[in-house]
Number of protein chains: 2
Amino acid sequence: MSQSYEKVALIGLGLIASSMFWAMKRGGLVGEVRGYARSGETRDTAREIGLCDVVCDSVAEAVKDADLVVLCVPVGAMGAVAAEIAPHLKAGATVSDVGSVKKAVIDAVGPHLPENVYFIAAHPLAGTEHSGPRSGFAELFDNRYTLLVPAEGTPLEAVAALRDLWEGMGAKVEEMDAEHHDLVLGVTSHAPHLIAYTMVGVADDLRRVTDSEVIKYSAAGFRDFTRIAASDPTMWRDVFLNNKEATLEILGRFTEELFALQRAIRTGDGEMLHAYFTRTRAIRRGIIEAGQDTDAPDFGRVKKEPSKS
Amino acid sequence: MSQSYEKVALIGLGLIASSMFWAMKRGGLVGEVRGYARSGETRDTAREIGLCDVVCDSVAEAVKDADLVVLCVPVGAMGAVAAEIAPHLKAGATVSDVGSVKKAVIDAVGPHLPENVYFIAAHPLAGTEHSGPRSGFAELFDNRYTLLVPAEGTPLEAVAALRDLWEGMGAKVEEMDAEHHDLVLGVTSHAPHLIAYTMVGVADDLRRVTDSEVIKYSAAGFRDFTRIAASDPTMWRDVFLNNKEATLEILGRFTEELFALQRAIRTGDGEMLHAYFTRTRAIRRGIIEAGQDTDAPDFGRVKKEPSKS
């Protein structure tokens, strides 16, 4: 693996940044990794657990001399952070991010960056319901996709270097345009998350079923929803506010379908229900065959001890 | 563990029945277990894998002399099976079931049974997305709840014996009335399953996102939905048709909440979204503290080799 980046800066030290750090160290992919987090408590934790070679107390110190700067903050904070780092970026550096929406991030970050810097937006399709600097692990990206959205005119070598890095961290890498990214992720991630949040909220509200019953008797369906609905509130608020159009479109389609199924239940149309459920079962098979899940219940969610070498 | 039941009959040999067999054998809880399945193929598979001490080719042969008969067929088939077994039941036998709805099953089964037989409806809150005789494993019920709904006037000893058996299979047992059961499960299981089925169906329909993209880029949220939506179509059709009222009520509440969240997205009300997501995150903590899930990603889904001793 070529060390395309001698110095890397991670801005924001949550689940994704910390997993990137352990994954870069596991592969010996880069030279020095500097980290910065706005919260002093997070910086203290990072120092305590050895997260990053150097934890900096200012964002300027972190990005200075960096060949690659990765913004690992909530989508809503990307613009402000870009403005803050811009004056300190090295000429020829690559700036990237890990946000779950791409069009809004590109619109927010792009205008702040100097011309002699390359912005290549990125989105690793990996995560757990945990957050914070302690939640990361080196294997998070293994065999998962990372989508790159390079700005027009970005030199091929710059894109290739970032691709190399992500592949070194275990990911499969593809390029996509921002709008299509936001639609695809709206379907596969954003709408499902909102739906899970909603269902868990309904359960909590229902007066005739006590909270303790919901909790005691939470069967498989609901348990999975609560795990999804335990994801970081700030991150997800920002995702929905910054991928409004696609999310609302998909939710509209969802509501239509839900009404059709509700009607089938009300009218006792068992054939319609059976056919629908048979079709969705087949989709699951497609996902397993595509290697994005396995029958193993812990696929993509195994946290091993951070490999520090 | 007292062997309250010398002879047990399992009618229907899918995930739950096969797990019950292995769990009963693991604990040495009963004498002989006879099994029956309507499909000859299922009976052949059962014989091949040693599922049940005796696999019978008629339901009459299976239930004859049984001290306990457990109906492990889809909810919609319970009434017909009850009518079929009724003439062959031993006086003083207990009949139970494992259906996911209780009021409809009690209404369907009760009238067919002779007076000298006790009907104690039951529902183990455990399962996976797999089905069929090969999908069972002895640990499925460990530390999960099984809810009992005894008919009025059932002798305490009969209820105690069934409770003992389920506890011997690893379950925590509670009693509940049928209507409340159906409402609680509507919230924690039935509505979430319908929602997952719907979302997976929407993804499959969306023209501008290809199936292969949905499959390749299925991130955490959607992957969990596809697993839920891969559950047995016949079982779930019957659940929804037989728990109409509670399911439709909860879906009504769900739609209301979803509209409120969609409105917050549309109007950019980040505070509302953040507060909502923070509340749902707390519910997850409650479930983990109640011991119904753990941080371990494979909780309740580990399939070990069937223990045949």
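The following exercises, each with a worked solution, concern a predicted model.

**Exercise 1.** Determine which turn and shift lay chain A on chain B, and name the relation.

*Solution.* Step one is the superposition: a turn of 180° with a shift of 0.0 Å along the axis lays chain A on chain B, at an RMSD of 0.0 Å. Step two is the interpretation: this is the relation of a two-fold axis. Step three concerns the contact surface: the same surface serves both copies, since 100% of the contact residues of chain A recur in chain B.

**Exercise 2.** Describe the side of chain A that touches chain B by its helices and by its residue classes.

*Solution.* Begin with the extent of the contact: 86 residues of chain A meet 86 residues of chain B. Next, identify the helices of chain A that each supply at least two residues to this side: α7 (178–205), α8 (211–216), α9 (220–228), α10 (233–242), α11 (244–267) and α12 (270–289). The most is given by α7(A), with 20 residues. Finally, divide this side of chain A by class: 47 residues are nonpolar, 20 polar and 19 charged.

**Exercise 3.** Is Ser19(A) buried or exposed?

*Solution.* First, locate the residue: Ser19(A) belongs to helix α1 (residues 15–27) of chain A. Second, apply the cut-off: a residue is buried if 20 or more other C-beta atoms lie within 10 Å of its own. Ser19(A) has 27 C-beta neighbours inside 10 Å and therefore counts as buried. Third, list its contacts: leaving aside residues up to four places away in sequence, Ser19(A) touches Gly136(A), Phe137(A), Ala138(A), Leu140(A) and Phe141(A).

Methods: Residues are numbered from 1 along each chain as its sequence is written. Chains are lettered from A and ligands numbered from 1 in the order in which they are written. This is a predicted model: local features need pLDDT of at least 70, side-chain atom pairs count only at pLDDT 80 or more; totals for chains, interfaces and linings use all residues. Copies are superposed by least squares on the C-alpha atoms of residues with pLDDT of at least 70 in both. Two residues are in contact if their C-beta atoms, placed from the backbone, lie within 7 Å. Helices (H or I, at least four residues) and strands (E, at least two) are DSSP runs, numbered from the N terminus. A residue is buried if 20 or more other C-beta atoms lie within 10 Å of its own, exposed if 12 or fewer, and partly exposed in between; C-beta atoms are placed from the backbone. Ala, Val, Leu, Ile, Met, Phe, Trp, Tyr, Cys and Pro count as nonpolar, Asp, Glu, Lys and Arg as charged, and the others, Gly among them, as polar.
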